[in-house]
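User: I would like to go through this model term by term. Please back each label with its value and its cut-off.

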Amino acid sequence: MSAPEWAGPALDALLGRVAATRDHVGARFPLFAEPGSGEWTTTRRGSWTGGFWAGLLWLRARRTGRPTDHATARACAARLAEWLDADTSTRGLIFWYGTVPAHEDPDSGALRARAALACRNAFEPDHGVVPWGTAFGGPRLAARTDGVPGTVPLLATADPAAADSHLRRHLALFTDSPPTWSRGRAWLLLGVAEGVRHLGARDLAPTADRLTGPALVPLADERHPDGPLDTSAAAITAYALLLLDREAEATAILDRLVHSHLTTDGRLLDGCYEWGEGTGTEVGAGTGTAVRHELIWGSFFLASALEMLVEGLTADG
């Protein structure tokens, strides 16, 4: 199936935005940007989203082939190393997506290997998971859907049995009653897709149907029908569906994102950072933080999915 004609220009717009963001944020990590001004809220260390920024820089370097872009991506990925000893299952989000787009870069490969060992060492055999941890608050021995994607393939490189247990334990906890948080479902779907690809867990493929909703771009939270959408959940879903070789479904989502939510200067808007918590823009039934914004992980998964269409790549290049 050939890539649609809009995929290449959309990818180039997103990666052009990466260059503009790089010049704006400097040594900091972008988190989310205002829908009007495009101004970024940033973090010093990257938090759980730092790998997506490094990954976007690698995607741009791959597209341009410029040595300066490669050097920028390599330097950003190296800064993720301070998260190696953090007690968090989001190591998968940080180190898998922050290094895999680098392909054969030896420094990124070495960092990924160290992160995989850290995940293996954090695995709790009595509970069958790498627990949520203490780095971002809450009880350490907890399971969260955002601790699944990235962690499954990362842990699989060091301990496939632990990776399989981590995935299946989370699915047992959440798929009987899938979360109303659409990004939570998308994270689980991506974990399933990565389990099928990296663990050979073909028996889990039918689970994807239970985690894929009818809406191309879902509500951020189904409990708030008048609340905001979340384009980042849609981008994650499209990427996961491509991993599962469900290209037609993925392309329909990408078409909607590109033509209804992507600006000409490469900003994927209408992402919802969090809904129903914190303070921020008031919309519909409740309040949230950054509810119609450009989110760094939404841009990463949209760019990654478009690259797969345009270049005919697998998720591993």
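Analyst: Start with helix H5: its buried residues pack against H2, helix H3 (67-78), helix H4 (91-99) and helix H6 (151-156). This is a predicted model, where local features need pLDDT of at least 70, side-chain atom pairs count only at pLDDT 80 or more, and totals for chains, interfaces and linings use all residues. Residues are numbered from 1 along each chain as its sequence is written, and side-chain values use heavy atoms, with hydrogens and water left out.

User: Which residues of H5 are buried?

Analyst: They are Ser 108, Leu 111, Arg 112, Ala 115, Ala 116, Ala 118, Cys 119 and Ala 122. These residues cover an arc of only 160° around the axis, which puts them on the same side of H5. The arc is taken over the directions from the helix axis to the C-beta atoms. Pro 106, Arg 114 and Asn 121 are exposed on the other side of H5. Buried means under 20% relative accessible area, exposed means over 50%, and partly exposed lies in between (1.4 Å probe, protein chains only).

User: How do you know that the span of H5 agrees with its number of residues?

Analyst: The expected span of a helix is 1.5 Å times one less than its number of residues. For the 17 residues of H5 (residues 106-122) that gives 24 Å, and the end C-alpha atoms are 25 Å apart, so the two agree. Helices (H or I, at least four residues) and strands (E, at least two) are DSSP runs, numbered from the N terminus.

User: Why is Arg 60 called buried?

Analyst: Its relative accessible area is 12%, which is under the cut-off, so Arg 60 is buried. Arg 60 is part of helix H2 (residues 50-64). Leaving aside neighbours within four places in sequence, Arg 60 is in contact with Leu 15, Gly 16, Val 18, Ala 19, Arg 22, Arg 66 and Asp 69. Contact means heavy atoms within 4.5 Å.

User: Why does Arg 79 count as partly exposed?

Analyst: Arg 79 has 30% relative accessibility, which falls between the two cut-offs, so partly exposed is the label. Arg 79 sits in the loop between H3 and H4. Beyond four places in sequence, Arg 79 is in contact with Ala 27, Phe 29 and Arg 44.

User: And why does Ala 186 count as buried?

Analyst: Ala 186 has 1% relative accessibility, so it meets the buried cut-off. Ala 186 lies in helix H8 (residues 182-199). Not counting residues up to four places away in sequence, Ala 186 touches Ala 233, Ile 236 and Thr 237.

User: What makes the largest nonpolar core a core?

Analyst: A nonpolar core is a set of buried Ala, Val, Leu, Ile, Met, Phe, Trp, Tyr and Cys residues joined through side-chain atoms within 4.5 Å. The largest one has 98 residues, and Phe 52, Trp 297, Phe 301 and Leu 306 have the most contacts inside it. Among the residues that Phe 301 touches are Phe 52, Trp 187 and Tyr 239.

User: How do you know that S1 and S2 pair?

Analyst: Two strands pair if DSSP finds at least two bridges between them. S1 (residues 29-33) and S2 (residues 40-43) have four bridges, in the antiparallel sense. Phe 29 is the bridge partner of Thr 43, and Ala 33 is that of Trp 40. S1 also pairs antiparallel with S6 (residues 294-295), over two bridges. The three strands form an open sheet in the order S2-S1-S6. S2 and S6 are its edge strands, each pairing on one side only.

User: Why is S1 described as largely enclosed?

Analyst: Five of the five residues of S1 are buried, so S1 is largely enclosed by the rest of the structure.

User: Where does pLDDT stay under 50?

Analyst: That happens over residues 277-286. pLDDT is the predictor's confidence in each residue, from 0 to 100. The chain averages 93, and 93% of the residues score at least 70. Where pLDDT is low, the predicted coordinates should not be read in detail.
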